[in-house]
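Student: Could you take me through the aromatic ring pairs in this one, slowly? I'd like a close look at that part, plus enough background to place it.

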There are 2 protein chains.
Amino acid sequence: MPESIKVFAPATVANVSCGYDVLGFAVAHPGDEVIVHKKAAKGITIRKITGDEGRLSLDPAKNTVSFSILKFLEHYRLDTGFEITLHKKMPLGSGLGSSAASSVAGLFAVNELLGSPFSKMELLPFAMEGERLACGTAHADNVAPALFGGFVLIRSYDPLDVIKINTPSKLFCTIIHPQIEVETKDARSILPRQVLLKDAIVQWGNVAGLVAGLMSDNYELIGRSMRDVIVEPRRAMLIPGFEKAKQAALDAGALGGGISGSGPSVFTLSKDEHTAKEAGKAMLKVFKQLNIAGEIYVSGINKAGPQVVG
Amino acid sequence: MPESIKVFAPATVANVSCGYDVLGFAVAHPGDEVIVHKKAAKGITIRKITGDEGRLSLDPAKNTVSFSILKFLEHYRLDTGFEITLHKKMPLGSGLGSSAASSVAGLFAVNELLGSPFSKMELLPFAMEGERLACGTAHADNVAPALFGGFVLIRSYDPLDVIKINTPSKLFCTIIHPQIEVETKDARSILPRQVLLKDAIVQWGNVAGLVAGLMSDNYELIGRSMRDVIVEPRRAMLIPGFEKAKQAALDAGALGGGISGSGPSVFTLSKDEHTAKEAGKAMLKVFKQLNIAGEIYVSGINKAGPQVVG
């Protein structure tokens, strides 16, 4: 077994359009890299973090990259020690599952260094603990796609029921991260406690269509089904230019899109790389007109989850 | 082209558990039979109806079997005349799509007699007109599965978007029609205008799981996903013994179940015929204890829609 390992784990889009709280997917890039060394002494230490502009804690109990590992080692009563270097290669607080990528990268690396005794399904609850640290809730809609790759449905939390959904081969994702801040708690508080039954029915019809479209490689059905009548109309107001940017991407040929996680990033899906790039340009233009800078990521869907890269 | 034809169209289960208003399927039996003759004179006449205990009208404008044909002939300005004999071979007002079966059987027969110029998708809106006559709304969740067979998702009405969903090969359906009356308008009025967002999320997670289960022949996932937290808990009170009967069927090995349409029929799905029969016996026993007689139907899923039988 190696003494050290370098692992990449991907950014993820949660709250995929109509699939609010239940559907997420992983992108090929960006993502985080961790380098984990076994060490002689017990316990976890974080040696270094780059790319976070000093925003993340080096205290292992306060950083998702290490907290999920601590929970994991504690649960299985393992006393191996590890030293972690974390390279954040994606923006924090952007709605792209930054904490999930770190948490999954760390856990996966440690499991590899131990000889892979645990399955991804067994690692998942500990990655979710990382989310509990990062945002107060042990939600799975970023960590599950980051861990399993592709599209993942979180059907239920009690009991936890996580289902991989087929990813059509030609699907490309465009993400724009506009340089504005959306607080997750604002994104939560803007949602009503109750919704109209008739809207809920439209939503679950679309969720059913989206899953059917993904599972049958039916790009047009995916596009038609990516309509969120409940969450997006309310959260859109937190992202200036959202509606216009999304429409511009659709006009450029994107199948559909929405807010990534709780924003501010916006994602669209397209059925080829060229269209995905055009969608990105179109969205960038809209935000520029509002004097909002934005970073664009165009990539395929990550189908493998975390990968050993060194 | 033949001068007369005999067509069978199947009963259907709409509001499939969590898929309220969007998901339906067709069963192999029971169903309706129509015999349609071309006639020299223009217009439609209903020659005879059997099996309806005199409850259905012989006036072509007041019976779904002929009303959908009238709308169809009117739309395409066709002046061929037809004479219809309708054999109702399923109970009326039972929540099994009786009007849809008649409407689809009639339309399909006429299209066949005309040399099949129209596709099923083109026939669908006229079958929906039959539903408008029968219950005031041109809903598609019975006529679409009756016409296409198998499981059908009605993703949207405007524009109409109807998607065939894969049917796992071993799926069997048990239906019990208890001898009680549930008025569709009561079943409607018992539903709230608003629902909790958290319940709606559970529901669309389950709808996604159900579609994923159907499309991947994953019987356990189908079973786990058949949980309706919104409509069933409210409508259950209209059907004495519902909860107990459903639980008895699950205990007998059924994957899941629910209210068929707006009731009073109750359906369950099982992964083999033997289990489906046992589920039926178990439900019958529960209703018997309440002094409610019930008729049991066990069959596979109808995958073809209407069939020419003579």
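Tutor: Sure, here is some background on chain A and then the ring pairs themselves.

This is a predicted model, where local features need pLDDT of at least 70, side-chain atom pairs count only at pLDDT 80 or more, and totals for chains, interfaces and linings use all residues. Residues are numbered from 1 along each chain as its sequence is written, chains are lettered from A and ligands numbered from 1 in the order in which they are written, and side-chain values use heavy atoms, with hydrogens and water left out.

Chain A has 10 helices and 12 strands; these are DSSP runs numbered from the N terminus, with helices (H or I) of at least four residues and strands (E) of at least two. Its C-alpha trace spans about 55 × 40 × 35 Å along the principal axes. Of the 310 residues in chain A, 59% are buried. Here "buried" means under 20% relative accessible area, "exposed" means over 50%, and "partly exposed" is in between, using a 1.4 Å probe and protein chains only. Among the contacts in chain A with a separation of 6 or more, 73% join residues 24 or more positions apart, a contact being heavy atoms within 4.5 Å.

Now the rings. A pair of aromatic rings is described by the distance of the centres and the angle of the planes. Rings of Phe, Tyr and Trp (its six-membered ring) pair if their centres lie within 6.5 Å; planes under 30 degrees apart count as stacked, over 60 as edge-to-face and the rest as tilted. Searching the whole structure turns up 14 aromatic pairs over all chains.

Take Phe72(A) and Tyr76(A): their centres are 5.6 Å apart with 70° between the planes, so the pair is edge-to-face. Phe72(A) is buried at 0% relative accessible area, while Tyr76(A) is partly exposed at 28%. Both belong to a cluster that ring pairs build together with Phe118(A) and Phe126(A).

Over in chain B, Phe25(B) and Phe267(B) make an edge-to-face pair too, at 5.8 Å centre to centre and 70° between the planes. Phe25(B) sits in strand E2 (residues 23-39) of chain B and Phe267(B) in strand E10 (residues 266-270) of chain B, so this pair ties together parts that are 242 residues apart in sequence. Phe25(B) is buried, with 0% relative accessible area, and Phe267(B) counts as buried at 0% as well.
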